[in-house]
Amino acid sequence: MIFNENTAKKTAEVLLQVNAIKLSPKEPFTWASGWKSPIYCDNRIILSFPPIRNYVRETMAKQIDRHFGKPDAIAGVATGAIGIGMLVAEYLGLPFIYVRPDAKGHGRKNQIEGFIDKGQNVVVVEDLISTGKSSLNAVRALKDAEINVKGMIAIFTYGFEIAAKNFEEEHIELQTLSNYDSLLKQALDTNYITEDQLKTLSEWNINPSEWNAI
């Protein structure tokens with residue numbers, strides 16, 4: 001993952017601005033996995049703010065072109081990245097497909113929705129990277145369909161070591177607009193959090209599955 005400092009800072013700024021990311025060290029959230037977390041991220045919120053969604057769309061499109069070249073199509077990961085993936089595809093003038101977590105149990109029983117030929121190149125768009133498990137599930141579905149995955153780009157990553165390991169094992173390059181360290185720096189610089197809260201947030205990121213709020 002290669003971060004552009006200015007992009008990482010600006011992206012963190014806009015995500016905090018619209019509460020797509022919420023930081024609450026004293027009253028942690030509970031994730032679906034059961035983990036207690038002082039941060040909650042829902043990047044779908046940016047779709048409701050045209051200037052911010054346009055910034056994310058254009059920045060992501062330019063980063064795709066810079067790092068992966070122009071693919072034959074953009075693939076979004078359902079459901080969180082369908083909206084932003086479509087916007088990126090539209091900006092680049094490319095076809096769009098999306099990948100479900102599992103194949104449908106009825107109809108044509110598709111896991112990949114939309115039209116794409118075998119052997120074509122895609123860049124996968126994701127909204128958020130935590131462990132990378134669901135994101136890489138989409139990558140494997142595309143590979144099984146004989147589609148060439150050039151890489152993945154996401155809006156934000158928590159920067160967990162397990163995610164880096166998972167992407168490395170799958171031989172998939174991941175680019176993101178911002179990350180956890182950039183978020184904390186921006187939050188501190190704008191007095192969104194205090195130094196004490198920074199310490200708590202940093203400790204959580206080291207071992208999130210075992211972390212408990214004090």
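**Notes on strand E9 and Thr-11**

1. Let's start with a pairing you can find by eye: Glu-126 sits opposite Ala-154, a residue of E9. Strand E8, spanning residues 121-129, runs parallel to E9, and 8 bridges join the two. Please keep in mind as you look around that this is a predicted model.

2. How does the chain get from E8 to E9? It passes through helix H4 (residues 133-144), and this β-α-β crossover is right-handed.

3. On to E9 itself, which covers residues 148-157. This strand is mostly covered, with 8 of its 10 residues buried.

4. E9 also pairs with strand E10 (residues 174-179): the two run parallel and are joined by 5 bridges. If you would like a residue pair to look for here, Ile-153 has Gln-175 in E10 as its bridge partner. Helix H5 (residues 161-170) belongs to this part of the chain too, since E9, H5 and E10 make a right-handed β-α-β unit.

5. Now have a look at Thr-11, which lies in helix H1 (residues 5-17). Is Thr-11 buried or exposed? Its relative accessibility is 0%, so Thr-11 counts as buried, the cut-off for buried being under 20%.

6. What does Thr-11 touch, leaving aside residues up to four places away in sequence? Its contacts are Tyr-55, Ile-155, Leu-177 and Ser-178. With Tyr-55 there is also a polar contact, side chain to side chain, at 3.1 Å. As for the strands discussed above, Ile-155 falls within E9 (residues 148-157), while Leu-177 and Ser-178 fall within E10 (residues 174-179).

Conventions. Residues numbered from 1 in each chain as written. Predicted model: local features only at pLDDT ≥ 70, side-chain atom pairs only at ≥ 80, totals over all residues. Heavy atoms only, no water. Buried < 20%, exposed > 50% of the residue type's maximum accessible area, 1.4 Å probe, protein only. Helix = DSSP H or I, 4+ residues; strand = E, 2+ residues; numbered from the N terminus. Pairing = 2+ DSSP bridges. Right-handed = clockwise from strand over helix to strand, strands pointing away. Polar contact = N/O pair within 3.5 Å; in protein donor to acceptor, adjacent residues only side chain to side chain. Contact = heavy atoms within 4.5 Å.
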